[in-house]
Amino acid sequence: QDRPLLCVANANGSQVQCELGNPLPRGAQVRFYLILSTLGITLQTRDLAVELALSTISEQPGLAPVVARARVVIELPLSVTGVAVPSRLFFGGTVRGESAVRHESQVGSAVRYEVMVSNRGQSLKTLGSAFLTLLWPHELPSGKWLLYPLELELAAPPGPPATCSPAANPLRLALVRPPGQGHS
């Protein structure tokens, strides 16, 4: 079809009427595209149904509506990377029980895990939250601490603060920092 298709939407945009041709010649085919917004999609949306209803002023029985369905799949291109600093750690020294440890210097050598989570897609907005689960060897078979979670520093974009469970530093050890080096 050479001439442009005329489509008119109703006030709230829930219905659109397109004039396919007057007259529509015998054997003619009309192909056009409607681009629909996904603004109202939630995590509970499983599919979208669009009803197509043909109408004509000519006598044509059996023009029942056809439903076109699209399955909704919500995907987030999340990625996670991590590095340990230092990459090698040596254990040694006197083994202390929890009750004998008061300051971070008594815990042992420190290792810093830097983890970065990236979302290369659209913002989550109202489509729920993202969770990251970190597993580390925190205790020996005897029940003694191996890697004690001392401190958590979070650098996230503006918005609601991320929460962690369980919290870092469960024994509430005193944190000692050199002058000029802050902590959170």
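**Exercise 1. Work out which residue pairs dominate the longer-range contacts of the chain, and then describe its overall build.**

Start with the contacts: of those in the chain with a separation of 6 or more, 51% are accounted for by residues 24 or more positions apart. Contact here means heavy atoms within 4.5 Å. Before going on, keep in mind that this is a predicted model, where local features need pLDDT of at least 70, side-chain atom pairs count only at pLDDT 80 or more, and totals for chains, interfaces and linings use all residues. Residues are numbered from 1 along each chain as its sequence is written, and side-chain values use heavy atoms, with hydrogens and water left out.

Next, the secondary structure: the chain has zero helices and six strands, so the order from the N terminus is simply β-β-β-β-β-β. Helices (H or I, at least four residues) and strands (E, at least two) are DSSP runs, numbered from the N terminus.

Last, the surface. Buried residues make up 5% of the 184 residues in the chain, where buried means under 20% relative accessible area, exposed over 50%, and partly exposed in between (1.4 Å probe, protein chains only). The chain exposes about 16400 Å², and carbon and sulfur atoms supply 56% of that area. Those areas come from the Shrake-Rupley method with a 1.4 Å probe; for residues, only the protein chains shown count as cover.

**Exercise 2. Find the disulfide and give its handedness.**

Step one is to count: the rule, a pair of cysteine sulfur atoms within 2.5 Å, gives one disulfide. Step two is to name the partners, which are C7 and C18, with sulfur atoms 2.1 Å apart. This pair links distant parts of the chain: C7 sits in strand β1 (residues 6-9) and C18 in strand β2, eleven residues apart.

Step three is the torsion. About the S-S bond of C7 and C18 it is about 110 degrees, so the disulfide is right-handed. To finish, check the cover on C7: its relative accessible area is 33%, so C7 is partly exposed.

**Exercise 3. Describe the second largest pocket and say which strands line it.**

First, the volume: the second largest pocket comes to about 1900 Å³. On a 1 Å grid over the protein atoms alone, a pocket is an open set of points where a 1.4 Å probe fits, with protein on both sides within 12 Å along at least five of seven lines; lining residues have an atom within 4 Å of a point. Grid points are joined across faces, edges and corners, and the volume is the space filled by probe spheres set on the points.

Then go to the lining. It has 43 residues, with V16, C18, F32, L52 and A53 nearest the pocket's centre. At least two lining residues come from each of β2 (16-19), β3 (47-52) and β4 (66-71), and β3 gives the largest share, five residues.

Now sort by class: 25 lining residues are nonpolar, 15 polar and three charged. In this scheme Ala, Val, Leu, Ile, Met, Phe, Trp, Tyr, Cys and Pro count as nonpolar, Asp, Glu, Lys and Arg as charged, and the others, Gly among them, as polar.

**Exercise 4. Trace what A68 touches.**

Place the residue first: A68 is in strand β4. Its relative accessible area is 34%, so A68 is partly exposed. Setting aside neighbours within four places in sequence, A68 is in contact with L48, A49, V50 and L52. For L48, which is 20 residues away along the chain, the C-alpha atoms are separated by 8.3 Å.

**Exercise 5. Pick out the backbone oddities and locate them.**

Take the cis peptide bonds to begin with. One runs from N22 to P23, with omega near 5 degrees, and P23 is in the loop between β2 and β3. Another joins V85 and P86, with omega about -5 degrees; P86 is in the loop between β5 (78-85) and β6 (112-119).

Move on to positive phi in residues other than glycine. N169 has phi near 55 degrees, and R172 has phi near 55 degrees too. N169 lies in the segment after β6, as does R172.

Is each one buried or exposed? At 13% relative accessibility, N169 counts as buried, whereas R172, at 75%, counts as exposed.

Finish with a partner of N169. P149, in the segment after β6, is in contact with W136, A168, N169 and P170, leaving aside its neighbours within four places in sequence.
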